[in-house]
Amino acid sequence: MPEGATAQTRSGRPRRADARRNYDQILRAAEAEIARAGADASLEEIARRAGVGSATLHRHFPSRYTLLEAVFHDRVASFCEQARQLAQVSDPGPALIDWLRAVAVFSASTRGLAASLLAAAQEQERMIDRSCEGMLLAAGDELLTAAQAAGSVRAEVAAIDLLTLVNAVALATEGAPDPAGQAGRLLSLALAGIKP
């Protein structure tokens, strides 16, 4: 959930207690329904499970994308922190690969996350630097830059290339019997191509 999202509206004013409660109920219902049905989960079903009307859901989350962003924000933020810490290690090449593998495994195992990141590329109104996609790009770029400076990754590789690859692997393996195992295996094969 975006920092402070339950405490304030988009205009910066504090939310009323009932609005905060509705926001939290919608978010909990969305987490459960997206885990069950994926990113295309029914917004009407989410509203029903939250005990609110569709209008209330859309007041808090004007688009499916904004709801997906809120559902996945905290986990993505923890991956970004992990990337920052890994960028400080002495061997950033293996650290980058470990981080990308962790993101791919989580994305493949978490129904809806890969589709959420894909939706980010199509959402015109978003602030890219505040989106889950933007957060991962910034964190991945820091880790990639360190790996390139160490000579572990080819200079022409960009963070967006790597995250697109991770997203493709996650989308391809999300429905597999062992999504985490298959995502890790496929990503290892694909990442062999980034070495100089």
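# Worked exercises on an all-helix chain

Thr-173 sits in helix H8. This is a predicted model, so keep that in mind as you work through the exercises.

**Exercise 1. Is Thr-173 buried or exposed, and which residues does Thr-173 touch beyond those up to four places away in sequence?**

Step 1. Look up the accessibility: Thr-173 has a relative accessibility of 0%.

Step 2. Buried means under 20% relative accessible area, so Thr-173 counts as buried.

Step 3. Now list the partners. Leaving out residues up to four places away in sequence, Thr-173 touches Ala-108, Pro-179, Gln-182, Ala-183 and Leu-186. Of these, Ala-108 is one of the buried residues of H5, while Pro-179 and Ala-183 are among the buried residues of H9.

**Exercise 2. What length should helix H9 span, and how far apart are its end C-alpha atoms?**

Step 1. H9 covers residues 179–191, which is 13 residues.

Step 2. The expected span is 1.5 Å times one less than the number of residues, so H9 should span 18 Å.

Step 3. Check it on the model: the end C-alpha atoms of H9 are 18 Å apart, which agrees.

Step 4. Try H5 (92–109) the same way. H5 has 18 residues and reaches 25 Å from its first C-alpha to its last, close to the 26 Å expected.

**Exercise 3. Where do the buried residues of H9 fall, seen down its axis, and which helices do they pack against?**

Step 1. Pick out the buried residues of H9: Pro-179, Ala-183, Gly-184, Leu-187 and Leu-191.

Step 2. Looking down the axis of H9, these residues fall within an arc of 125 degrees, so they line one face of the helix.

Step 3. Turn to the face pointing away from that buried side: there you'll find the exposed residues Arg-185 and Leu-189.

Step 4. Finish with the packing. The buried residues of H9 pack against H5 and H8 (159–173). On the H5 side, the buried residues of that helix include Trp-99, Leu-100, Val-103 and Ala-104.

**Exercise 4. Which residues of helix H2 are buried, and what covers them?**

Step 1. H2 runs over residues 43–50, and its buried residues are Leu-43, Ile-46, Ala-47 and Ala-50.

Step 2. They cover an arc of only 100 degrees around the axis, which puts them on the same side of H2.

Step 3. Glu-44 and Arg-48 are exposed on the face of H2 turned away from its buried side.

Step 4. The cover over the buried residues of H2 includes H1, H3 (54–60) and H4.

**Exercise 5. At what angle do the axes of H4 and H7 cross, and which residues make the contact?**

Step 1. Recall the two values you need: packed helices are described by the angle between their axes and the distance between the axes.

Step 2. For H4 (residues 64–86) and H7 (residues 132–149), the axes come within 9 Å and cross at roughly 10 degrees. That makes H4 roughly parallel to H7, since angles under 35 degrees count that way.

Step 3. Go through the contact. H4 contributes Glu-69, Phe-72, His-73, Val-76, Ala-77, Phe-79, Cys-80, Ala-83, Arg-84 and Leu-86. From H7 come Cys-132, Glu-133, Met-135, Leu-136, Ala-139, Glu-142 and Leu-143.

Step 4. Sort them by class: the contact has 12 nonpolar, 1 polar and 4 charged residues.

**Exercise 6. How far apart in space are Arg-36 and Thr-110, and how far apart are Ala-155 and Lys-195?**

Step 1. Place Arg-36 in helix H1 (residues 17–37). Arg-36 is exposed, at a relative accessible area of 52%.

Step 2. Arg-36 and Thr-110 are 74 residues apart in sequence, yet their C-alpha atoms are 9.6 Å apart. Setting aside neighbours within four places in sequence, Arg-36 is in contact with Arg-49 and Arg-111.

Step 3. Ala-155 belongs to the loop between H7 and H8, and is exposed with a relative accessible area of 69%. The C-alpha atoms of Ala-155 and Lys-195 are 9.5 Å apart, with their positions 40 residues apart along the chain.

Conventions. Residues are numbered from 1 along each chain as its sequence is written. This is a predicted model: local features need pLDDT of at least 70, side-chain atom pairs count only at pLDDT 80 or more; totals for chains, interfaces and linings use all residues. Side-chain values use heavy atoms; hydrogens and water are left out. Axes are lines fitted to C-alpha atoms, for helices over the stretch in contact, and angles run from 0 to 180 degrees between N-to-C directions. Helices (H or I, at least four residues) and strands (E, at least two) are DSSP runs, numbered from the N terminus. Angles under 35 degrees count as roughly parallel, over 145 as roughly antiparallel, 65 to 115 as roughly perpendicular and the rest as oblique. Contact means heavy atoms within 4.5 Å. Ala, Val, Leu, Ile, Met, Phe, Trp, Tyr, Cys and Pro count as nonpolar, Asp, Glu, Lys and Arg as charged, and the others, Gly among them, as polar. Buried means under 20% relative accessible area, exposed over 50%, partly exposed in between (1.4 Å probe, protein chains only). The arc is that of the directions from the helix axis to the C-beta atoms.
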